[in-house]
Amino acid sequence: MEKRHIAILGATGSIGTQTLDVVRQHPDLFEVELLTAGSNAALLVAEAREFNPAAVVICNESRYDEVAEALRDTDVKVFTGTQSMCDLVAAEAVDIVVAAMVGFSGLRPTVAALKAGKAVALANKETLVAAGPIVMDLSRRCHAPILPVDSEHSAIFQCLLAAGSNKVKTLHLTASGGPFRGWPREHIALARKEDALKHPNWSMGAKITIDSATMMNKGFEVIEACRLFDVTPEEVHVVVHPESVIHSMIEFEDGAVLAQLGCPDMRVPIQFALAFPERFPLKGEKLDFARIRRLTFEEPDREKFPCLGLAFEAVRRGGNIPCAMNAANEAAVKAYLEDRIRFYDISEVIAGTMAETPFIGEPSLDDIFATNEAAYAAAEEKIARK
């Protein structure tokens, strides 16, 4: 395989740092061209010194001078702002863009990368949730492949490769159940952010960990699966699998099921996306089947976790409603992390915002940005009244 030159959007977050660990293990296969970060100037500087990219972007303009001064003795060019990121992902030297930014802010640079014909290793869920049909159409028109990084969608992708031309009946997305699996609803209602941030299996950023606790994260993945694999919500099934050994499955019309298994290590799907279609060694824990005493499965409890049902409702309604749902979720999770609302206020804010959002059946990208802004503001108003 020829060396691939990588741009990492969100290089200081969980996916970004694990991507760099993959690069660290395979310097002969991958080279970093661009690193971006929101506000974590110190880590961005450290990464830039280790990997010597052509450029870095610190999106928080107030941290620009700090980064520029720290890298003044290097050849790394320093930029700031979202527009710089959008311009730099289109650079000729970039082969593949790892979209690892958290939240709606990842949409604009991902669109820029696709328009430039770049392969995108997509870890940013919100891009396909908020603007899935637009993004997938761009991918097709610009011949810019989207390679899923989420462990569940990577698993489905790998199973579909093995399926060949055989028709698939159902995609089974597995879910860990999050930190509140087995808790009574009345206890979940009183859960503090410190409880919600204790994910049993995965190490992730705060926002996605809260999304896992509410199961909105799995709802996002349902919508992503519909977009990535061109299926209906009725063809996607969510099953709680607390061990997180089976990352997802596909079921054929004859009842046979293919599953992808592995340890809960995000570097595996990251490396699969970066090196596709080839596979290479990766240091880390491997499955020991003799030590796996059981694999368990259960249906998700939609009464305890109403966000999952809201996501199914949003994708069935379509148009700009998934975007409104995403915006309201971002506002509500932020408020929960700031101790401004209670756990079940999150789903109430989302449901209310979705209900009040004016429906646009075939939104343009401008409509998506306008919906995001309006829905976020509407959610903030609801939060203020809690």
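Where is F289 found? In this predicted model, look for F289 in the loop that runs between helix 12 (267-275) and helix 13 (306-317). Its relative accessible area is 57%, so F289 counts as exposed, the cut-off for that being over 50%. F289 also has company out there: together with L261, L295 and F297, F289 forms a nonpolar patch on the surface, and the four share about 360 Å² of accessible area. That's worth a pause, because nonpolar side chains in soluble globular proteins tend to be buried together.

While you're in the loop between helix 12 and helix 13, find P277, which is located there too. The peptide bond leading from F276 into P277 is cis, and its omega is near 10°.

Two of the patch members, L295 and F297, take us on to H241, since both are on the contact list of that histidine. H241 is found in the loop between strand 9 (236-240) and strand 10 (246-252). Is H241 buried or exposed? With just 1% relative accessibility, H241 is buried, because the limit for that is under 20%. Setting aside neighbours within four places in sequence, H241 is in contact with T174, A175, S176, I246, L295, T296 and F297. T296 deserves a second look: its backbone oxygen lies 3.0 Å from a polar atom of the H241 side chain.

Now for the nonpolar core. The largest one has 124 residues, and the members that touch the most others are V56, V67, M325 and I350. Helix 14 (residues 321-337) supplies the largest share of this core, with 9 residues. If you'd like to see what surrounds one of those well-connected members, try V67: leaving out residues up to four places away in sequence, V67 touches A41, L44, V45, V56, I58 and V78. Notice that V56, another of the members with the most core contacts, is among the residues V67 touches.

Last, a pair of backbone oddities. Which residue in the loop between helix 11 (216-229) and strand 9 should you check? That would be D230, which has a positive phi of about 55° although it isn't a glycine. D230 is exposed, because its relative accessible area of 72% is over 50%. D339 gives you another case: again not a glycine, and again a positive phi, of about 60°. D339 is placed in the loop between helix 14 and helix 15 (343-356), and at 54% relative accessibility D339 counts as exposed.

Definitions and conventions: Residues are numbered from 1 along each chain as its sequence is written. This is a predicted model: local features need pLDDT of at least 70, side-chain atom pairs count only at pLDDT 80 or more; totals for chains, interfaces and linings use all residues. Side-chain values use heavy atoms; hydrogens and water are left out. Patches are made of residues with over 30% relative accessible area and no salt bridge: like charges are joined within 9 Å, nonpolar side chains (Val, Leu, Ile, Met, Phe, Trp, Tyr) within 5 Å. Accessible areas come from the Shrake-Rupley method with a 1.4 Å probe; for residues, only the protein chains shown count as cover. A salt bridge is a side-chain nitrogen of Lys or Arg within 4 Å of a carboxyl oxygen of Asp or Glu. Helices (H or I, at least four residues) and strands (E, at least two) are DSSP runs, numbered from the N terminus. Buried means under 20% relative accessible area, exposed over 50%, partly exposed in between (1.4 Å probe, protein chains only). A polar contact is a pair of N or O atoms within 3.5 Å; within protein, one must be able to donate a hydrogen and the other to accept it, and residues adjacent in sequence count only if both atoms are side-chain atoms. Contact means heavy atoms within 4.5 Å. A nonpolar core is a set of buried Ala, Val, Leu, Ile, Met, Phe, Trp, Tyr and Cys residues joined through side-chain atoms within 4.5 Å.
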